[in-house]
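Visitor: Pull up the model, please, and walk me through the labels. I'd like to hear the reasoning behind each one.

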Amino acid sequence: LALELFEKGESVTLFEKGDSSGSTSCAFVGLGMISPWSELPILPQNDNVTFKLGVLSLSLWPDLLNKINCVQNYLHKGCFLICRPQENESFENLKKILHNCSMPPEFAIYSWQNINQLEPEISSHFSRGLFLPKEGCIDTHSLFLSLTQYFEAIKLSAFYNCGECKILNINEVFIPAFGESQKFDFIIDT
């Protein structure tokens, strides 16, 4: 978001709670899954906006990663969900959700035999699988490094290890690392 606003000519200051590596970010430990359909069952019911933005992001990531010289760390080869025999009910529920969602995906169902051909080391524990070819993942560790380097190169003001900033009112935020508040035209808390 900071990069997009900056490229549109806005003056942007980024305050990051943690360090520039992103090591305290949920994205750092979340393994960078870009899997809007896989995550449908955990979204609040009727949260179609988050889902649609997730699907849209699949087409936006390659351009962003190319821009910051990190495209090699994007794996857009699909997501393979596997299920143990005792998880059959959840598996069937996922299939229904995928069929009924506002943007149904292409997907393929795999039997134990298919899983054995694809992943012989794990096949004995899983009875079925579902492959979503349009999903992917990104190496978030490389992403944070590339973003930090890119922000420095384009002179986007970014401050790290700021602690938990507190929004005081519509245009003022307290930054613990500075021990003071600062005013801005807009404050966006992500």
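Guide: Let's start with strands: a strand here is a DSSP run of E with at least two residues, and two strands pair if DSSP finds at least two bridges between them. One thing to keep in mind is that this is a predicted model.

Visitor: What makes strand 10 and strand 11 a pair?

Guide: Four bridges join them, and they run antiparallel. The cut-off is at least two bridges, so they count as paired. To see the match-up, look at Phe174, which stands opposite Ser181 in strand 11. The hairpin of strand 10 and strand 11 has four residues between the strands, and there Gly179 takes a positive phi near 70 degrees.

Visitor: How do you know that strand 9 and strand 10 pair too?

Guide: They share three bridges, in the antiparallel sense. Again at least two are needed, so the label holds. In one of those matches, Asn169 has Glu172 of strand 10 as its bridge partner.

Visitor: Why are strand 9 and strand 11 called edge strands?

Guide: The three strands form an open antiparallel sheet in the order 9-10-11. Strand 9 (166-169) and strand 11 each pair on one side only, and that makes them the edges. On average, neighbours in this sheet are turned by 35 degrees against each other, direction ignored.

Visitor: On to the rings. How many aromatic pairs are there?

Guide: The count comes to seven.

Visitor: Why is the pair of Phe15 and Phe178 called edge-to-face?

Guide: The centres are 5.9 Å apart, with 75 degrees between the planes. Pairing asks for centres within 6.5 Å and edge-to-face for planes over 60 degrees apart, so both tests are passed. Phe15 sits in strand 1 (residues 13-15) and Phe178 in the loop between strand 10 (172-175) and strand 11 (180-183), so the pair ties together parts that are 163 residues apart in sequence. Ring pairs also link Phe15, Phe159, Phe178 and Phe184 into a cluster.

Visitor: Are Phe15 and Phe178 buried or partly exposed, and how do you know?

Guide: Phe15 has 19% relative accessibility, so it counts as buried, the limit being under 20%. Phe178, at 33%, is partly exposed.

Visitor: What makes the pair of Tyr110 and Phe131 edge-to-face?

Guide: Their ring centres are 6.5 Å apart and the planes meet at 85 degrees, so they get that label. Tyr110 is in strand 5 (residues 108-111) and Phe131 in strand 6 (residues 128-132), so this pair bridges 21 residues of sequence. Phe131 has a relative accessible area of 22%, hence partly exposed.

Visitor: Why does Ser38 count as buried?

Guide: Ser38 comes in at 18% relative accessibility, and buried means under 20%. Ser38 lies in the loop between strand 2 (33-34) and helix 3 (48-67).

Visitor: What makes the link between Ser38 and Glu135 a polar contact?

Guide: Their side chains come together at 2.5 Å, and the limit is within 3.5 Å, so the distance test is met. Not counting residues up to four places away in sequence, Ser38 touches Cys79, Leu81, Leu132 and Glu135.

Visitor: Last one: which residues touch the most other members of the largest nonpolar core?

Guide: Of its 26 residues, those are Trp37, Leu65, Ile68 and Leu98. Helix 1 (2-7), helix 3, helix 4 (88-100), strand 6 and helix 6 (140-154) each supply at least two residues of this core. Leaving aside neighbours within four places in sequence, Leu65 contacts Cys70, Val71, Tyr74, Ile138 and Leu143.

Note on methods. Residues numbered from 1 in each chain as written. Predicted model: local features only at pLDDT ≥ 70, side-chain atom pairs only at ≥ 80, totals over all residues. Heavy atoms only, no water. Phe/Tyr/Trp six-rings, centres within 6.5 Å; stacked < 30°, edge-to-face > 60°. Buried < 20%, exposed > 50% of the residue type's maximum accessible area, 1.4 Å probe, protein only. Polar contact = N/O pair within 3.5 Å; in protein donor to acceptor, adjacent residues only side chain to side chain. Contact = heavy atoms within 4.5 Å. Core = buried A, V, L, I, M, F, W, Y, C linked by side-chain atoms within 4.5 Å. Axes fitted to C-alpha atoms, helices over the stretch in contact; angles between N-to-C directions.
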